[in-house]
Amino acid sequence: MLKNSGYSLHNLYPYAATILSIALAVVLWLSKEIIGGSVALVIAAISFLSARDLTREVIKANEQKCHLDQQLIQSQKLAAIGELSAGIAHEINNPLAIMGQETEWIKHLLKDNNIEGPGATEELRDSLQEIVRQVDRCKDITHKLLDFARKKDPLMQGADVNKLIEDMARLVDKEATQKNIKIVRDYRKDLPRVQTDPPLLRQVILNLLNNAAYAIGKDGVITIVTRQSSNTSIELVFSDTGCGIPKEQLDKIFDPFFTTKPPGKGTGLGLSISHSIIVKLGGRITVASEPGKGATFTIHLPAQPSRGEQ
Amino acid sequence: MPLKAKVLIVDDEERFRLTLRKLLIANGLDTTAVGSGKEAIEELKQQPFDVILLDVKMPEMDGIEALGELKKINRGVEVIILTGHASVDVAVEIMRLGGYEYLLKPCPMEELLAKIESAYERKVARDERMRKAEAIQTDQAS
């Protein structure tokens with residue numbers, strides 16, 4: 001990832017080199033008694049001038065690099081916008097096409113003046129309901145997009161992650177039981193409390209549990225594991241025995257609008273929103289899967305000493 | 001004038017293909033609708049079609065792959081791409097594979113009917129030319 005250079009140690013090298021060269025020139029001048037005044041003066045002047053030129057070159061190169069970095073970031077942004085626009089167009093155009101057709105069908109029914117029979121009235125009602133459904137579908141997409149784009153600065157609080165997960169697992173449990181999906185919990189008891197934004201983390205956990213249940217469909221197991229991976233980080237692992245994710249789709253799984261669900265069933269924004277939330281919380285989310293054997297999503301979060309615990 | 005074209009709709013969006021089928025039938029077109037590229041291939045093996053309305057973004061087999069396979073089964077069938085996904089690269093690939101037209105959803109019904117009619121006319125003209133060429137060859141042989 002590219003970073004703006006700012007005042008990094010790297011930027012101080014040319015100045016350090018200049019100072020050292022000047023220091024060398026001064027030392028040579030002071031030691032003029034030993035090596036001869038004019039020789040020392042010439043060597044000192046040469047070393048000073050070459051250090052000055054070198055410094056100028058390095059600063060110029062640094063400025064060029066910064067400029068190129070900015071250009072690259074800008075082109076990456078433009079590419080991302082292009083990709084996003086194509087995704088939005090596809091997701092919105094499909095419901096629009098259905099609404100257009102249902103309207104055409106209503107016009108067809110009205111044109112024939114044949115809407116008195118119970119069948120025709122039923123068809124009219126059905127078409128209108130379909131238009132309402134498709135409007136909701138568009139609304140869902142635009143609202144999620146706004147949610148995705150909105151700058152939500154996390155409000156960090158100390159939280160017991162096991163409890164956060166358990167709250168969400170209970171929510172999903174009821175529906176899962178009906179589909180014979182068992183949720184197995186393996187929470188580490190002395191898991192350190194973390195500084196996080198509890199509502200945002202809940203949103204991600206719920207999304208992962210819902211996805212896991214969807215991938216299983218019926219009869220399966222969702223396993224939740226919490227563990228401390230190092231002194232400064234914890235891991236929350238969500239595994240399912242569902243259909244898994246094909247290898248070629250693993251790279252795209254966090255991309256906006258990428259979905260394996262049938263049309264109208266998923267916006268393809270859930271995992272990309274989850275990904276951006278976890279990054280905002282200072283962590284990362286990874287996925288592993290073997291098609292046919294399920295998928296495992298792991299959230300890595302920094303564990304810091306908690307302050308002002310809730 | 002009612003169209004006589006035999007049309008196959010291929011789209012994974014169920015409501016879209018079912019309502020479009022009803023509308024095309026209401027406009028006098030003999031229409032069948034299927035939900036995937038694989039089903040379209042099976043359908044085209046079973047019976048001939050004049051025009052195929054094909055979606056691009058579909059699971060398992062996308063429209064571009066399906067177009068190639070459908071053209072292998074029946075080179076003369078005219079394929080109109082009807083998609084919500086606008087992409088120059090995809091449009092170029094579609095034309096390269098012999099697609100007739102590339103339409104973006106939502107497409108007004110009148111425009112779609114006009115495109116089907118024009119694709120059908122092309123199909124009929126091509127079939128006619130092939131029949132004449134075959135007749136000449138038969139005459140020459142006898």
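Of the 310 residues of chain A in this predicted model, 25% count as buried. Chain A contains 7 helices and 7 strands. Along the sequence, these elements follow the pattern α-α-α-α-β-α-β-β-α-β-β-α-β-β. Among the contacts in chain A with a separation of 6 or more, 71% are made by residues 24 or more positions apart.

**A pair of helices in chain A**

Two packed helices are described by the angle between their axes and the distance between the axes. In chain A, helix α6 (residues 198-216) and helix α7 (residues 270-280) have axes that come within 9 Å and cross at roughly 145°. The crossing in which α6(A) passes α7(A) is left-handed. On the side of α6(A), the residues that take part are A:Leu200, A:Gln203, A:Val204, A:Asn207, A:Leu208 and A:Asn211, and they meet A:Gly270, A:Ser274, A:Ile277 and A:Ile278 in α7(A). Sorted by class, this contact of α6(A) with α7(A) has 5 nonpolar residues, 5 polar residues and no charged residues.

**The sheet of chain B**

Chain B holds an open sheet of 5 strands in the order β2-β1-β3-β4-β5, with parallel pairing. At the edges stand β2 (30-34) and β5 (101-104) of chain B, each of which pairs on one side only. From one strand to the next, the twist averages 20°. Helix α1(B) packs on the sheet, where it touches β1 and β2 of chain B, and its direction makes about 175° with that of β2(B). Helix α5 (residues 109-141) of chain B lies across β1, β3, β4 (78-83) and β5 of chain B and runs at about 160° to β4(B).

The table lists three pairings of strands in this sheet.

| Strands | Bridges | Direction |
|---|---|---|
| β1(B) and β3(B) | 4 bridges | parallel |
| β3(B) and β4(B) | 4 bridges | parallel |
| β4(B) and β5(B) | 4 bridges | parallel |

Individual residues illustrate these pairings. B:Leu8 stands opposite B:Ile52 in β3(B), and B:Ile52 in turn stands opposite B:Val79 in β4(B). Between these two strands, the chain crosses from β3(B) through helix α3 (residues 63-73) of chain B to β4(B), and this β-α-β crossover is right-handed. Further along the sheet, B:Ile81 has B:Tyr102 in β5(B) as its bridge partner.

**The strand β4 of chain B**

Why is β4(B) described as largely enclosed by the rest of the structure? The reason is that 6 of the 6 residues of β4(B) are buried. A residue counts as buried if 20 or more other C-beta atoms lie within 10 Å of its own. In a regular strand the side chains alternate between the two faces of the sheet. Accordingly, one may ask which residues of β4(B) point one way and which the other way. B:Glu78, B:Ile80 and B:Leu82 point one way, whereas B:Val79, B:Ile81 and B:Thr83 point the other way, and all are buried.

**Where the two chains meet**

Chain B contributes 18 residues that are in contact with 17 residues of chain A. On the side of chain B that touches chain A, the largest share, 7 residues, comes from helix α1 (residues 14-26) of chain B. The residues on this side of chain B divide into 8 nonpolar, 4 polar and 6 charged. Helix α1(B) thus appears in two settings: α1(B) packs on the sheet of chain B, and α1(B) supplies the largest share of the side that touches chain A.

Notes:
Residues numbered from 1 in each chain as written. Chains lettered and ligands numbered in written order. Predicted model: local features only at pLDDT ≥ 70, side-chain atom pairs only at ≥ 80, totals over all residues. Axes fitted to C-alpha atoms, helices over the stretch in contact; angles between N-to-C directions. Left-handed = near helix turned anticlockwise from the far one by under 90°. Contact = placed C-beta atoms within 7 Å. Nonpolar A, V, L, I, M, F, W, Y, C, P; charged D, E, K, R; others polar. Pairing = 2+ DSSP bridges. Buried ≥ 20, exposed ≤ 12 C-beta atoms within 10 Å, placed from the backbone. Right-handed = clockwise from strand over helix to strand, strands pointing away.
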